[in-house]
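Let's take a walk through a structure together, going from the whole chain down to single residues. Keep the picture open while you read.

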Amino acid sequence: MVVVDISREQVLEWLHEVPDPEIPVLSITDLGIVRDVSIGSKVVVALAPTYSGCPATEVIEQSVIDKLHDCGIDDVSVKRVLSPAWTTDWISADGRKKLRDYGIAPPEYGASKRELLHGRRNVACPQCASLRTAMVSEFGSTPCKASYRCNDCLEPFEYFKCI
Amino acid sequence: MTKDEALLAYTLRLGDNALILGQRLIELVAAGPELEEELANANFALDFIGQARMFYSYAGEIEGKGRCEDDFAFLRDDREFANFLLVEQPNGHFGDVIVRQVLFDSFYGLQLEALTKCKDKRLAEIAVRAGKEICYHLRHTSQWLVRLGDGTAESHARATEALGRLWRYAGEMFAGDEVDIILQSAFDGPDLETIEAQWSLKVAAILDDATLAIPDEKWIIGGGRQGHHSESMGFLVAEMQFLQRAYAGATW
(Lines give C-alpha, C1' and ligand atoms only; values in the text may rest on other atoms or scores of the structure.)
Protein backbone atom coordinates (compact mmCIF):
# COMPACT_ATOMS: atom_id res chain seq x y z
CA MET A 1 0.00 0.00 0.00
CA VAL A 2 1.32 3.39 -0.97
CA VAL A 3 0.90 5.81 1.88
CA VAL A 4 0.50 9.48 1.05
CA ASP A 5 3.59 11.17 2.44
CA ILE A 6 2.16 14.23 4.09
CA SER A 7 1.45 15.31 7.65
CA ARG A 8 -1.99 15.84 9.09
CA GLU A 9 -0.95 19.32 10.22
CA GLN A 10 0.01 20.24 6.66
CA VAL A 11 -3.40 19.11 5.35
CA LEU A 12 -5.16 21.08 8.08
CA GLU A 13 -3.10 24.13 7.17
CA TRP A 14 -4.24 23.83 3.56
CA LEU A 15 -7.84 23.34 4.62
CA HIS A 16 -7.53 26.51 6.66
CA GLU A 17 -7.28 28.29 3.30
CA VAL A 18 -10.59 26.89 2.00
CA PRO A 19 -13.24 29.60 2.41
CA ASP A 20 -16.87 29.10 3.34
CA PRO A 21 -18.73 29.90 0.10
CA GLU A 22 -21.41 31.98 1.84
CA ILE A 23 -19.11 33.86 4.22
CA PRO A 24 -15.74 33.90 2.47
CA VAL A 25 -13.88 35.59 5.35
CA LEU A 26 -14.34 32.39 7.30
CA SER A 27 -12.40 29.29 6.45
CA ILE A 28 -13.94 25.89 6.91
CA THR A 29 -11.62 25.25 9.86
CA ASP A 30 -12.76 28.53 11.51
CA LEU A 31 -16.30 27.29 11.05
CA GLY A 32 -15.45 24.08 12.87
CA ILE A 33 -16.79 21.74 10.21
CA VAL A 34 -13.51 19.89 9.56
CA ARG A 35 -13.89 17.03 12.03
CA ASP A 36 -10.99 14.81 11.08
CA VAL A 37 -8.23 14.22 8.59
CA SER A 38 -6.91 10.71 8.13
CA ILE A 39 -3.99 9.80 5.97
CA GLY A 40 -3.41 6.33 4.56
CA SER A 41 -3.42 5.24 0.96
CA LYS A 42 -5.43 8.40 0.44
CA VAL A 43 -6.41 11.50 2.34
CA VAL A 44 -9.87 11.35 3.88
CA VAL A 45 -11.38 14.57 5.20
CA ALA A 46 -14.37 14.24 7.53
CA LEU A 47 -16.74 17.19 7.30
CA ALA A 48 -19.81 17.95 9.42
CA PRO A 49 -22.68 19.51 7.47
CA THR A 50 -24.00 22.70 9.08
CA TYR A 51 -27.75 22.95 8.40
CA SER A 52 -29.54 19.95 6.83
CA GLY A 53 -30.51 21.95 3.80
CA CYS A 54 -27.40 24.08 3.50
CA PRO A 55 -26.74 24.42 -0.23
CA ALA A 56 -23.08 25.13 0.55
CA THR A 57 -22.44 21.56 1.70
CA GLU A 58 -21.69 20.18 -1.77
CA VAL A 59 -19.71 23.28 -2.74
CA ILE A 60 -17.54 22.93 0.35
CA GLU A 61 -16.91 19.24 -0.32
CA GLN A 62 -15.84 20.03 -3.86
CA SER A 63 -13.62 22.91 -2.72
CA VAL A 64 -11.83 20.60 -0.29
CA ILE A 65 -11.14 18.11 -3.07
CA ASP A 66 -10.03 20.86 -5.47
CA LYS A 67 -7.77 22.48 -2.88
CA LEU A 68 -5.98 19.24 -2.02
CA HIS A 69 -5.63 18.40 -5.72
CA ASP A 70 -4.00 21.79 -6.20
CA CYS A 71 -1.63 20.97 -3.37
CA GLY A 72 -0.57 17.84 -5.16
CA ILE A 73 -2.66 15.20 -3.42
CA ASP A 74 -4.43 13.17 -6.06
CA ASP A 75 -6.31 10.70 -3.98
CA VAL A 76 -8.74 12.61 -1.78
CA SER A 77 -12.14 11.71 -0.49
CA VAL A 78 -14.61 13.52 1.69
CA LYS A 79 -16.72 11.84 4.32
CA ARG A 80 -19.86 13.42 5.78
CA VAL A 81 -20.15 12.93 9.52
CA LEU A 82 -23.50 13.64 11.13
CA SER A 83 -22.57 12.85 14.68
CA PRO A 84 -21.94 14.77 16.81
CA ALA A 85 -24.08 17.36 15.03
CA TRP A 86 -22.37 20.60 14.10
CA THR A 87 -23.12 23.52 16.38
CA THR A 88 -22.18 27.18 16.24
CA ASP A 89 -20.28 26.50 19.49
CA TRP A 90 -17.56 25.03 17.25
CA ILE A 91 -16.82 28.30 15.49
CA SER A 92 -13.32 29.23 16.64
CA ALA A 93 -12.48 32.38 18.60
CA ASP A 94 -10.55 33.56 15.58
CA GLY A 95 -13.57 32.81 13.40
CA ARG A 96 -15.81 34.89 15.66
CA LYS A 97 -13.44 37.81 15.43
CA LYS A 98 -13.33 37.53 11.63
CA LEU A 99 -17.13 37.49 11.51
CA ARG A 100 -17.36 40.63 13.63
CA ASP A 101 -14.74 42.42 11.52
CA TYR A 102 -16.73 41.44 8.44
CA GLY A 103 -19.86 43.03 9.90
CA ILE A 104 -21.69 39.90 11.01
CA ALA A 105 -22.42 39.55 14.72
CA PRO A 106 -21.11 36.13 15.80
CA PRO A 107 -23.27 33.64 17.72
CA GLU A 108 -22.95 34.55 21.36
CA TYR A 109 -24.81 32.49 23.86
CA GLY A 110 -24.17 28.83 23.06
CA ALA A 111 -26.52 26.42 21.38
CA SER A 112 -28.31 24.78 24.28
CA LYS A 113 -31.86 23.59 23.75
CA ARG A 114 -33.03 26.43 25.99
CA GLU A 115 -31.34 28.89 23.68
CA LEU A 116 -32.99 27.31 20.63
CA LEU A 117 -36.42 27.48 22.23
CA HIS A 118 -36.27 30.83 23.97
CA GLY A 119 -33.11 32.43 22.69
CA ARG A 120 -33.36 36.09 21.86
CA ARG A 121 -31.07 38.22 23.90
CA ASN A 122 -29.28 41.42 23.15
CA VAL A 123 -26.86 41.06 20.30
CA ALA A 124 -23.96 43.49 20.13
CA CYS A 125 -23.69 45.61 16.98
CA PRO A 126 -20.57 44.52 15.07
CA GLN A 127 -19.94 48.15 14.02
CA CYS A 128 -20.21 50.12 17.27
CA ALA A 129 -20.63 47.36 19.90
CA SER A 130 -23.87 48.91 21.17
CA LEU A 131 -26.31 46.53 22.80
CA ARG A 132 -29.24 48.70 21.78
CA THR A 133 -30.10 46.55 18.80
CA ALA A 134 -33.35 45.13 17.47
CA MET A 135 -34.17 42.11 15.37
CA VAL A 136 -35.72 43.04 12.04
CA SER A 137 -36.27 39.52 10.77
CA GLU A 138 -35.50 36.19 12.39
CA PHE A 139 -34.48 34.87 8.99
CA GLY A 140 -32.15 36.45 6.48
CA SER A 141 -30.23 35.75 3.34
CA THR A 142 -29.15 32.31 4.57
CA PRO A 143 -30.70 29.96 7.13
CA CYS A 144 -27.89 30.64 9.60
CA LYS A 145 -28.41 34.39 9.88
CA ALA A 146 -31.02 36.79 11.24
CA SER A 147 -31.34 40.46 10.25
CA TYR A 148 -30.77 43.11 12.93
CA ARG A 149 -30.58 46.87 13.19
CA CYS A 150 -28.47 48.94 15.57
CA ASN A 151 -30.47 51.68 17.28
CA ASP A 152 -27.33 53.70 18.04
CA CYS A 153 -25.32 53.76 14.82
CA LEU A 154 -28.44 52.87 12.79
CA GLU A 155 -26.55 50.35 10.68
CA PRO A 156 -28.32 47.16 9.64
CA PHE A 157 -26.35 44.00 10.29
CA GLU A 158 -26.64 40.25 10.21
CA TYR A 159 -26.44 38.00 13.24
CA PHE A 160 -25.15 34.45 12.99
CA LYS A 161 -27.73 32.53 15.02
CA CYS A 162 -26.90 29.93 17.64
CA ILE A 163 -27.78 26.41 16.69
CA MET B 1 -42.56 -7.75 7.70
CA THR B 2 -38.87 -8.02 8.57
CA LYS B 3 -36.97 -5.54 10.72
CA ASP B 4 -35.16 -4.17 7.68
CA GLU B 5 -38.38 -3.71 5.72
CA ALA B 6 -39.88 -1.80 8.63
CA LEU B 7 -36.77 0.36 8.96
CA LEU B 8 -36.88 1.16 5.25
CA ALA B 9 -40.59 2.03 5.32
CA TYR B 10 -40.14 4.17 8.43
CA THR B 11 -37.18 6.05 6.97
CA LEU B 12 -39.07 6.70 3.74
CA ARG B 13 -42.06 8.03 5.68
CA LEU B 14 -39.80 10.47 7.52
CA GLY B 15 -38.40 11.56 4.18
CA ASP B 16 -41.86 11.87 2.63
CA ASN B 17 -43.21 14.07 5.43
CA ALA B 18 -40.19 16.35 5.17
CA LEU B 19 -40.17 16.53 1.37
CA ILE B 20 -43.89 17.12 0.89
CA LEU B 21 -44.06 19.79 3.58
CA GLY B 22 -40.93 21.39 2.14
CA GLN B 23 -42.55 21.42 -1.31
CA ARG B 24 -45.70 23.04 0.11
CA LEU B 25 -43.64 25.76 1.79
CA ILE B 26 -41.73 26.44 -1.42
CA GLU B 27 -45.04 27.44 -3.00
CA LEU B 28 -45.01 30.45 -0.67
CA VAL B 29 -41.83 31.84 -2.20
CA ALA B 30 -42.89 35.08 -3.91
CA ALA B 31 -46.36 34.60 -2.40
CA GLY B 32 -45.74 35.17 1.32
CA PRO B 33 -47.67 37.77 3.33
CA GLU B 34 -44.51 39.83 3.87
CA LEU B 35 -40.84 39.58 3.00
CA GLU B 36 -39.70 38.40 6.44
CA GLU B 37 -42.18 35.54 6.49
CA GLU B 38 -41.29 34.60 2.98
CA LEU B 39 -37.66 34.24 4.06
CA ALA B 40 -38.68 32.27 7.12
CA ASN B 41 -40.76 29.85 5.07
CA ALA B 42 -38.11 29.48 2.41
CA ASN B 43 -35.59 28.68 5.13
CA PHE B 44 -37.92 26.14 6.71
CA ALA B 45 -38.46 24.54 3.30
CA LEU B 46 -34.71 24.31 2.84
CA ASP B 47 -34.33 22.55 6.19
CA PHE B 48 -37.13 20.12 5.37
CA ILE B 49 -35.72 19.28 1.96
CA GLY B 50 -32.26 18.84 3.44
CA GLN B 51 -33.72 16.46 6.00
CA ALA B 52 -35.61 14.58 3.28
CA ARG B 53 -32.33 14.13 1.41
CA MET B 54 -30.66 12.58 4.45
CA PHE B 55 -33.60 10.20 5.01
CA TYR B 56 -33.84 9.22 1.33
CA SER B 57 -30.09 8.64 1.00
CA TYR B 58 -30.24 6.36 3.99
CA ALA B 59 -33.36 4.61 2.63
CA GLY B 60 -31.46 3.92 -0.58
CA GLU B 61 -28.67 2.29 1.42
CA ILE B 62 -31.09 0.15 3.46
CA GLU B 63 -32.92 -0.94 0.32
CA GLY B 64 -29.66 -1.76 -1.47
CA LYS B 65 -31.09 -1.58 -4.98
CA GLY B 66 -29.16 1.46 -6.08
CA ARG B 67 -31.95 4.01 -5.71
CA CYS B 68 -30.75 7.46 -4.70
CA GLU B 69 -32.50 10.40 -3.06
CA ASP B 70 -33.67 11.80 -6.40
CA ASP B 71 -35.26 8.48 -7.39
CA PHE B 72 -37.39 8.52 -4.25
CA ALA B 73 -38.38 12.16 -4.68
CA PHE B 74 -38.98 12.36 -8.40
CA LEU B 75 -39.72 8.90 -9.71
CA ARG B 76 -42.40 7.56 -7.40
CA ASP B 77 -46.12 8.09 -7.95
CA ASP B 78 -48.35 9.73 -5.38
CA ARG B 79 -49.63 6.39 -4.07
CA GLU B 80 -46.06 5.44 -3.15
CA PHE B 81 -45.61 8.45 -0.88
CA ALA B 82 -46.44 7.71 2.75
CA ASN B 83 -46.55 11.21 4.24
CA PHE B 84 -49.32 12.33 6.58
CA LEU B 85 -52.34 13.99 5.01
CA LEU B 86 -51.66 17.01 7.23
CA VAL B 87 -48.43 18.01 5.48
CA GLU B 88 -49.90 17.85 1.98
CA GLN B 89 -52.84 20.15 2.79
CA PRO B 90 -52.87 23.24 0.55
CA ASN B 91 -51.41 26.44 1.95
CA GLY B 92 -54.69 28.35 2.04
CA HIS B 93 -54.19 31.58 3.99
CA PHE B 94 -51.34 32.40 6.36
CA GLY B 95 -53.34 31.12 9.35
CA ASP B 96 -53.64 27.73 7.65
CA VAL B 97 -49.89 27.64 7.03
CA ILE B 98 -49.07 28.47 10.64
CA VAL B 99 -51.60 26.03 12.14
CA ARG B 100 -50.33 23.23 9.89
CA GLN B 101 -46.75 23.95 10.93
CA VAL B 102 -47.54 24.07 14.65
CA LEU B 103 -49.55 20.82 14.60
CA PHE B 104 -46.92 18.97 12.56
CA ASP B 105 -43.73 20.41 14.04
CA SER B 106 -45.00 19.75 17.59
CA PHE B 107 -45.29 16.09 16.61
CA TYR B 108 -42.16 15.89 14.45
CA GLY B 109 -39.99 17.52 17.12
CA LEU B 110 -41.10 14.90 19.66
CA GLN B 111 -40.67 12.10 17.12
CA LEU B 112 -37.10 13.22 16.37
CA GLU B 113 -36.30 13.60 20.04
CA ALA B 114 -37.43 9.99 20.63
CA LEU B 115 -35.46 8.84 17.59
CA THR B 116 -32.23 10.28 18.99
CA LYS B 117 -32.42 7.43 21.52
CA CYS B 118 -33.25 4.66 19.03
CA LYS B 119 -30.91 1.77 18.32
CA ASP B 120 -30.45 2.58 14.66
CA LYS B 121 -27.35 4.76 14.76
CA ARG B 122 -27.91 6.58 11.48
CA LEU B 123 -31.53 7.54 12.21
CA ALA B 124 -30.45 8.71 15.66
CA GLU B 125 -27.74 10.91 14.11
CA ILE B 126 -30.07 12.46 11.55
CA ALA B 127 -32.62 13.05 14.32
CA VAL B 128 -30.13 15.07 16.38
CA ARG B 129 -29.31 17.28 13.40
CA ALA B 130 -32.93 17.72 12.29
CA GLY B 131 -34.30 18.10 15.81
CA LYS B 132 -32.35 21.30 16.37
CA GLU B 133 -33.89 22.80 13.25
CA ILE B 134 -37.45 21.80 14.13
CA CYS B 135 -36.93 23.32 17.57
CA TYR B 136 -36.45 26.80 16.14
CA HIS B 137 -39.13 26.32 13.48
CA LEU B 138 -41.61 25.65 16.25
CA ARG B 139 -40.41 28.64 18.23
CA HIS B 140 -41.16 30.86 15.26
CA THR B 141 -44.48 29.32 14.17
CA SER B 142 -45.92 28.98 17.68
CA GLN B 143 -45.19 32.66 18.33
CA TRP B 144 -47.05 33.48 15.14
CA LEU B 145 -50.00 31.37 16.21
CA VAL B 146 -50.15 33.33 19.48
CA ARG B 147 -50.07 36.59 17.53
CA LEU B 148 -52.83 35.45 15.19
CA GLY B 149 -55.04 33.92 17.88
CA ASP B 150 -54.55 36.72 20.38
CA GLY B 151 -54.42 39.44 17.73
CA THR B 152 -57.44 41.06 16.11
CA ALA B 153 -60.98 39.69 15.87
CA GLU B 154 -60.29 38.92 12.21
CA SER B 155 -57.02 37.06 12.83
CA HIS B 156 -58.59 35.17 15.74
CA ALA B 157 -61.52 34.09 13.58
CA ARG B 158 -59.25 32.94 10.76
CA ALA B 159 -56.91 31.04 13.09
CA THR B 160 -59.94 29.35 14.69
CA GLU B 161 -61.26 28.39 11.29
CA ALA B 162 -57.85 27.01 10.18
CA LEU B 163 -57.55 24.99 13.38
CA GLY B 164 -61.05 23.60 12.87
CA ARG B 165 -60.20 22.55 9.33
CA LEU B 166 -56.80 20.98 10.04
CA TRP B 167 -57.44 19.34 13.42
CA ARG B 168 -59.02 16.24 11.83
CA TYR B 169 -55.70 15.50 10.11
CA ALA B 170 -53.68 15.56 13.34
CA GLY B 171 -54.96 12.24 14.73
CA GLU B 172 -53.35 10.29 11.91
CA MET B 173 -49.90 11.08 13.29
CA PHE B 174 -50.61 8.92 16.35
CA ALA B 175 -52.36 6.04 14.57
CA GLY B 176 -49.35 3.80 14.10
CA ASP B 177 -49.26 0.58 12.12
CA GLU B 178 -47.00 -2.46 11.90
CA VAL B 179 -44.03 -0.35 10.81
CA ASP B 180 -44.27 1.83 13.92
CA ILE B 181 -44.70 -1.21 16.14
CA ILE B 182 -41.60 -2.94 14.73
CA LEU B 183 -39.59 0.23 14.92
CA GLN B 184 -40.50 0.56 18.57
CA SER B 185 -39.95 -3.09 19.49
CA ALA B 186 -36.85 -3.84 17.43
CA PHE B 187 -35.11 -0.45 17.43
CA ASP B 188 -36.38 1.26 20.60
CA GLY B 189 -38.16 3.74 18.33
CA PRO B 190 -40.80 6.28 19.39
CA ASP B 191 -43.75 5.22 21.50
CA LEU B 192 -46.68 6.94 19.81
CA GLU B 193 -48.86 6.86 22.91
CA THR B 194 -46.27 8.77 24.89
CA ILE B 195 -45.79 11.20 22.01
CA GLU B 196 -49.52 11.78 21.73
CA ALA B 197 -49.73 12.63 25.43
CA GLN B 198 -46.74 14.99 25.16
CA TRP B 199 -48.09 16.52 21.97
CA SER B 200 -51.50 17.17 23.51
CA LEU B 201 -49.95 19.03 26.42
CA LYS B 202 -47.63 21.01 24.20
CA VAL B 203 -50.30 22.02 21.70
CA ALA B 204 -52.81 22.80 24.46
CA ALA B 205 -50.28 25.20 26.03
CA ILE B 206 -49.67 26.99 22.71
CA LEU B 207 -53.40 27.22 21.97
CA ASP B 208 -54.02 28.53 25.46
CA ASP B 209 -51.46 31.30 24.92
CA ALA B 210 -53.11 32.00 21.59
CA THR B 211 -56.57 32.21 23.24
CA LEU B 212 -57.74 29.50 20.85
CA ALA B 213 -59.99 26.65 21.96
CA ILE B 214 -59.05 23.04 21.28
CA PRO B 215 -61.49 21.93 18.56
CA ASP B 216 -64.19 19.52 19.56
CA GLU B 217 -63.52 17.42 16.46
CA LYS B 218 -63.51 13.67 16.98
CA TRP B 219 -63.37 12.63 13.33
CA ILE B 220 -59.90 11.56 12.23
CA ILE B 221 -58.95 11.24 8.59
CA GLY B 222 -56.04 8.92 7.91
CA GLY B 223 -54.53 6.89 5.12
CA GLY B 224 -51.38 8.82 4.30
CA ARG B 225 -49.13 6.07 5.68
CA GLN B 226 -50.77 3.68 3.24
CA GLY B 227 -50.52 6.05 0.31
CA HIS B 228 -54.21 7.04 0.31
CA HIS B 229 -53.86 10.76 -0.18
CA SER B 230 -56.19 13.71 -0.50
CA GLU B 231 -56.98 15.24 -3.86
CA SER B 232 -54.40 17.99 -3.63
CA MET B 233 -51.50 15.52 -3.36
CA GLY B 234 -51.61 14.58 -7.04
CA PHE B 235 -51.24 18.20 -8.11
CA LEU B 236 -48.35 18.71 -5.71
CA VAL B 237 -46.51 15.63 -6.97
CA ALA B 238 -47.17 16.56 -10.61
CA GLU B 239 -45.61 19.98 -10.15
CA MET B 240 -42.71 18.69 -8.08
CA GLN B 241 -41.82 15.95 -10.55
CA PHE B 242 -42.56 17.76 -13.80
CA LEU B 243 -38.98 18.23 -14.89
CA GLN B 244 -37.82 14.66 -14.31
CA ARG B 245 -40.99 13.25 -15.88
CA ALA B 246 -40.85 15.46 -18.97
CA TYR B 247 -37.07 15.34 -19.39
CA ALA B 248 -36.13 12.03 -17.80
CA GLY B 249 -32.58 12.01 -16.45
CA ALA B 250 -32.05 15.74 -16.91
CA THR B 251 -29.18 17.10 -14.84
CA TRP B 252 -27.73 20.55 -14.29
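Before we start, here's a cut-off to keep in your pocket: a residue counts as buried if 20 or more other C-beta atoms lie within 10 Å of its own, as exposed if 12 or fewer do, and as partly exposed in between. Now try it out on A:Thr142, bearing in mind that what you see is a predicted model. A:Thr142 has 18 other C-beta atoms within 10 Å, so this residue is partly exposed. You'll find A:Thr142 in the loop between β5 (133-137) and β6 of chain A. Have a look at A:Ile23 as well: A:Thr142 and A:Ile23 are 119 residues apart along the chain, yet 10 Å is what separates their C-alpha atoms.

## Chain A as a whole

Let's zoom out. Chain A has four helices and seven strands. Starting at the N terminus, you meet them in the order α-β-β-α-β-α-β-α-β-β-β. Measured out along the principal axes, the box filled by the C-alpha atoms of chain A is roughly 60 × 30 × 25 Å. How much of chain A counts as buried? The figure is 36% of its 163 residues. There's also a number for contacts that reach along the chain: take the contacts in chain A between residues at least 6 apart in sequence, and 53% of them join residues at least 24 apart.

Chain A is divided into two parts, domain 1 (8-80) and domain 2 (93-160). Taken over C-alpha atoms, the centres of these domains of chain A are 26 Å apart. Where they touch, ten residues of domain 1 of chain A are in contact with nine residues of domain 2 of chain A. On the domain 1 side, that makes six nonpolar, two polar and two charged residues.

## A hairpin in chain A

Next, find strands β1 (residues 34-39) and β2 (residues 43-47) of chain A. These two strands run antiparallel and are joined by five bridges. Which residue of β2(A) is the bridge partner of A:Ile39? The partner is A:Val43. Getting from β1(A) to β2(A) takes a hairpin of three residues.

## Backbone oddities

Now for some unusual spots in the backbone. One is the peptide bond between A:Ser83 and A:Pro84, which is cis, with omega about -10°. A:Pro84 belongs to the loop between β3 (76-80) and α3 (93-102) of chain A.

Another kind of oddity is a positive phi in a residue other than glycine. A:Leu154 is a case of this, and so is B:Ala30. Here they are side by side:

| Residue | Phi | Other C-beta atoms within 10 Å |
|---|---|---|
| A:Leu154 | near 65° | 10 |
| B:Ala30 | near 70° | 7 |

Are they buried or exposed? With 10 other C-beta atoms within 10 Å, A:Leu154 is exposed. B:Ala30, with 7, is exposed too. A:Leu154 sits in the loop between β6 (145-150) and β7 (156-160) of chain A, while B:Ala30 is in the loop between α1 (3-26) and α2 (35-63) of chain B.

## Two helices of chain B

Let's stay in chain B and follow α2(B). This helix has 29 residues and reaches 41 Å from its first C-alpha to its last, close to the expected 42 Å. Right after α2(B) comes B:Gly64, with a positive phi near 70°.

Then there's helix α7 (residues 153-170) of chain B. Its 18 residues should span 26 Å at 1.5 Å a residue, and the end C-alpha atoms are 25 Å apart, so the two figures agree. Still, α7(B) has a bend of about 30° at B:Gly164. The buried residues of α7(B) include B:Arg158, B:Leu163 and B:Trp167. What do the buried residues of α7(B) pack against? They pack against α4 (85-88), α5 (94-115) and α6 (121-149) of chain B.

## Where the chains meet

Finally, look at where chains A and B come into contact. Chain A brings 16 residues to the contact and chain B brings 21. On the chain A side, helix α4 (residues 113-118) gives the largest share, with three residues. By class, that side of chain A has nine nonpolar, five polar and two charged residues.

Conventions
Residues numbered from 1 in each chain as written. Chains lettered and ligands numbered in written order. Predicted model: local features only at pLDDT ≥ 70, side-chain atom pairs only at ≥ 80, totals over all residues. Contact = placed C-beta atoms within 7 Å. Nonpolar A, V, L, I, M, F, W, Y, C, P; charged D, E, K, R; others polar. Domains from an automatic or database assignment. Expected span 1.5 Å × (residues − 1). Pairing = 2+ DSSP bridges. Bend = angle between axes of the 7 residues up to and from the residue.
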